[in-house]
Amino acid sequence: MAAQFLGKPVNRYEGRAKVTGRANYAADNPVNGVTYAVGVVSSVGRADRADIDAGTALGMPGVLGVWHAGNFPKVYRSPNEMSEGNKVGEVRPPFEDARVYYAGQYVAVVVAETFEQARAAARTIRVRHSGAKVPAVSIAAALKEGEPAEAKDEPDQRRGKPDAVPRDAVVVDATYTTPIEVHNPIELHASIARWDGDHLEMHESTQWVVGQRKALAKVLGIPAEKITVRSPYIGGGFGGKLFLWPHTVIAAVTARELGRPVKFVLERRNEFTAAGHRPETRQRLRLAADRGGKLLGLRHESISSTSKVHEFVESCASGSFAFYDAPNAAVSHRLAFANVGAPTAMRAPGAAPGSFALECAFDELAVALAMDPFELRRRTFSFEKDHEKNLPWSSNGLKECLDIVSRRFGWSRRNPEPGSMREGDEILGWGMAVAAWPSEQGDAEVLVQLRDDGTARVSCATQDIGTGTYTVIALTAAEVLGLPLDKIDVALGDSSYPPGPISGGSMVTATVVPVVADASRRAIEALRRVVGKKGGAFEGQDPKSLQWRNGEISGGGRRRLSFGEVLKAVNLASVEGKARSGSDKEKKFSFRSFGAHAVEVRWDPGIARLRVSRAVTAIDAGRVINRKGALNQIEGGFLMGLGMALLEESVYDARDGHVVTDNLADYLMPVNADMPELDVTLLDKPDPHIGEFGAKGMGEIGITGAAAAIVNAVYHATGRRIRDLPVRIEKLIA
Ligand code: MOS
């Protein structure tokens, strides 16, 4: 039967609430008697001790307390295990010791009756540093102090004889670097902590209410049942709100100490230091091929920076091992420990910088072979199986994506000679790259209630970080129940709902869609059972003989009735269906999404202006649930890739470890004026193995490959191979 709802372009379920201001973000929640926390951060990047003099602050109006390493109550470390759901952003809990590991680290916190009072008092806090040293804030500086460490989470991988390259092979050996980047959601990280006896309620901006609850329980040393985390609306996360950060712990602990609710909203500059970032990467790629474009060897060695207080690996090279048909391959990840805050997952972690290096190296190989880059991908990509897991892809529409992109872009008109395609004063550059992102699934439980008012309520403790989860869930329930969208309530972002997945790794849609469908059907079953019972509208009928259609039930020659009516007749508020995802799925396939980008840049050498003018993208991420939301995700992802390619860089001062660009004026991000003409095709083919409807995630694949396609286009326009992001005009005119 043709879908009634799935795949249609639909406005956001929560759009009206958001634009009318009815959607409360974490910091918007009115909480009686709330007090305000303001952090005091270290002004140096490394010191043996920071001692705090709060004398002035404590005497100021409205000040309720000042905490620091000398007086902060005991908190624990979390085991920090993803599988246990207690992962944290920074394993060192706030104020665990008096040492300074990075500039911007919280060394004290002031809580006062008003935000202004807290801020004024925070400015009077004197911090005396002893044993201050010049911090190491870059990979280069960190490596001067010691060898890079093995990355425990990303073991080295090899196959064949990656070191043996035939003498006559065509070889690319190049090193690519990417700078620290920062998520910069428009909604700042925010926590409001309120204790009710021994129960803690958190209004929190988080991508994972379930995990936040578990991690906070570990850090506070209390049972998770004593904590409720709410996060129904989130103004962007991009990975920066996946895990527990120090400000949340500070809010919870100071609220307990004061017996008053505490609100802690980060200042924009704190976003650059104490709430995660994408680490710096340095990646060496070595590709070897024969003259016909057959790959002989592939090596990808990645070093990424991490914090002295937290180990995070940017897994740049794992896709490289999986994707290409190189008989000999080796990939490795190493860490350089720097005096920076903890890095974390950001916008396709690993794959975004990894695909930049990998797909640029393939472009360099295509140039060296004098082969069209699309053709090189067709000859070298492993369309059948994942070489890392040694499993067939569950589905892989990359070949079709390459054909669509090349055709829609008009690639056949490309003259491969750099700088050869002119239009007036401008030189056109055309580049391409492959996009790929895992299609993981987590675990979820979903509750569907059919209520006597004729509406259905779907609840799950996952959350919508702005990416469209409310709408995806509403559409799926509407499809299975046959109810119009305005009869569906979706309740998300509350840890007391049935447990749902982290809003990370683009896995929510693939995880929840089959479970919502299952729970919806179970709710219909429950209704069938109820109406056949004594006093029911279909008393005496076999439940199996009753027909459900578009919210109405019929059978046995009796009148068709809406489910609201039949529930009212037996005085039931609701019937329920609950479902959970199968937790022991046999792994017979490797699940990924694939796609391709082609990009046009325009370089005007007379005025040194570089613009991305046009991009064509095709994505195979399985069945499309909400066409409008899915396109929106891919467009946004591509634009993030544009930011990565041309603009974004968190610049540190090597002398004191400060972030120089710690605001939205100096940290450049793409805006609407940077948006090229963007043509996105979604293959919209169900993945046959991922579960009912065959949907995969759309969140992160759009950014993968995007920076490489742009940089490859810049090479084609200018003849300059920029290997260090971002591409700044000064690098092109140097
Ligand atoms: Mo995504 S970086 O897993 O929020």
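Trainee: Between which two helices does the place of proline 726 fall?

Mentor: In this predicted model, proline 726 has its place in the loop between helix 16, residues 706–718, and helix 17, residues 729–733.

Trainee: What makes the peptide bond that joins leucine 725 and proline 726 stand out?

Mentor: Its omega is about -5 degrees, and the bond is a cis peptide bond. As background, most peptide bonds are trans.

Trainee: What is notable about the phi of asparagine 571, and where is that residue found?

Mentor: Asparagine 571 is not a glycine, and yet its phi is positive, at about 55 degrees. Most residues other than glycine have a negative phi. The residue is found in the loop between helix 14 (563–569) and strand 26 (574–580). Phenylalanine 693, in the loop between strand 29 and helix 16, also is a residue other than glycine with a positive phi, near 80 degrees.

Trainee: Why does asparagine 571 count as buried or exposed?

Mentor: Its relative accessibility is 69%, and exposed means over 50%, so asparagine 571 counts as exposed.

Trainee: And how do you know whether leucine 492 is buried or exposed?

Mentor: The relative accessible area of leucine 492 is 3%, and the limit for buried is under 20%, so leucine 492 is buried. It is found in the loop between strand 22 (488–491) and helix 13 (508–531). Leaving aside residues up to four places away in sequence, leucine 492 touches several others, among them Pro232, Cys460, Tyr470, Ile473 and Tyr497. Leucine 492 and valine 458 are 34 residues apart in sequence, while their C-alpha atoms are 8.5 Å apart in space.

Trainee: How many disulfides does the structure hold, and how do you know that cysteine 360 is not bonded to cysteine 316?

Mentor: The structure holds 0 disulfides. For cysteine 316, which is in no disulfide, the nearest cysteine sulfur is that of cysteine 360, 13 Å away. A disulfide needs the two sulfur atoms within 2.5 Å, so the 13 Å from the sulfur of cysteine 360 to its closest counterpart, in cysteine 316, is too far for a bond. Cysteine 316 is buried, with a relative accessible area of 3%, and cysteine 360 is buried too, at 0%.

Trainee: What makes the sheet with the order 18-19-27-28-29 an open one, and which strands form its edges?

Mentor: This open sheet of 5 strands has mixed pairing. Its edge strands are strand 18 (421–423) and strand 29 (677–682), each of which pairs on one side only. From one strand to the next the twist averages 25 degrees.

Trainee: How do you know that strand 27 pairs with strand 28 and with strand 19?

Mentor: Pairing requires at least two bridges, and 11 bridges join strand 27 (residues 592–604) to strand 28 (residues 609–620), which run antiparallel. Strand 19 (residues 426–438) pairs with strand 27 over 12 bridges, also in the antiparallel sense. Individual partners can be located as well: valine 599 has alanine 615 of strand 28 as its bridge partner, arginine 602 has arginine 611, and methionine 432 stands opposite alanine 598 in strand 27. Strands 27 and 28 form a hairpin with 4 residues between them, and alanine 608 in the turn has a positive phi of about 50 degrees.

Trainee: Why is strand 27 described as largely enclosed by the rest of the structure?

Mentor: Buried means under 20% relative accessible area, and 13 of the 13 residues of strand 27 are buried, so the strand is largely enclosed by the rest of the structure. Residues pointing one way, including Phe594 and Glu600, and residues pointing the other way, including His597 and Trp603, are all buried. Helix 15 (residues 627–646) lies across strands 27, 28 and 29, and runs at about 130 degrees to strand 29.

Trainee: How many bridges join strand 24 to strand 25, and in which sense do the two strands run?

Mentor: With at least two bridges required for pairing, the 3 bridges between strand 24 (residues 552–555) and strand 25 (residues 558–562) suffice, and the strands run antiparallel. Glycine 555 stands opposite arginine 558. In this hairpin, with 2 residues between the strands, glycine 556 takes a positive phi near 60 degrees.

Trainee: How many cavities does a search of the whole structure find, and what lines the largest cavity?

Mentor: The search finds 4 cavities of 30 Å³ or more, and the largest has a volume of about 80 Å³. It is lined by 14 residues, of which Glu90, Arg92, Pro93, Pro94 and Val249 lie nearest its centre.

Key:
Residues numbered from 1 in each chain as written. Predicted model: local features only at pLDDT ≥ 70, side-chain atom pairs only at ≥ 80, totals over all residues. Heavy atoms only, no water. Buried < 20%, exposed > 50% of the residue type's maximum accessible area, 1.4 Å probe, protein only. Axes fitted to C-alpha atoms, helices over the stretch in contact; angles between N-to-C directions. Contact = heavy atoms within 4.5 Å. 1 Å grid on protein atoms, 1.4 Å probe; cavity = no way out; pocket = protein on both sides within 12 Å on 5 of 7 lines; lining within 4 Å. Points joined across faces, edges and corners; volume = space filled by probe spheres on them.
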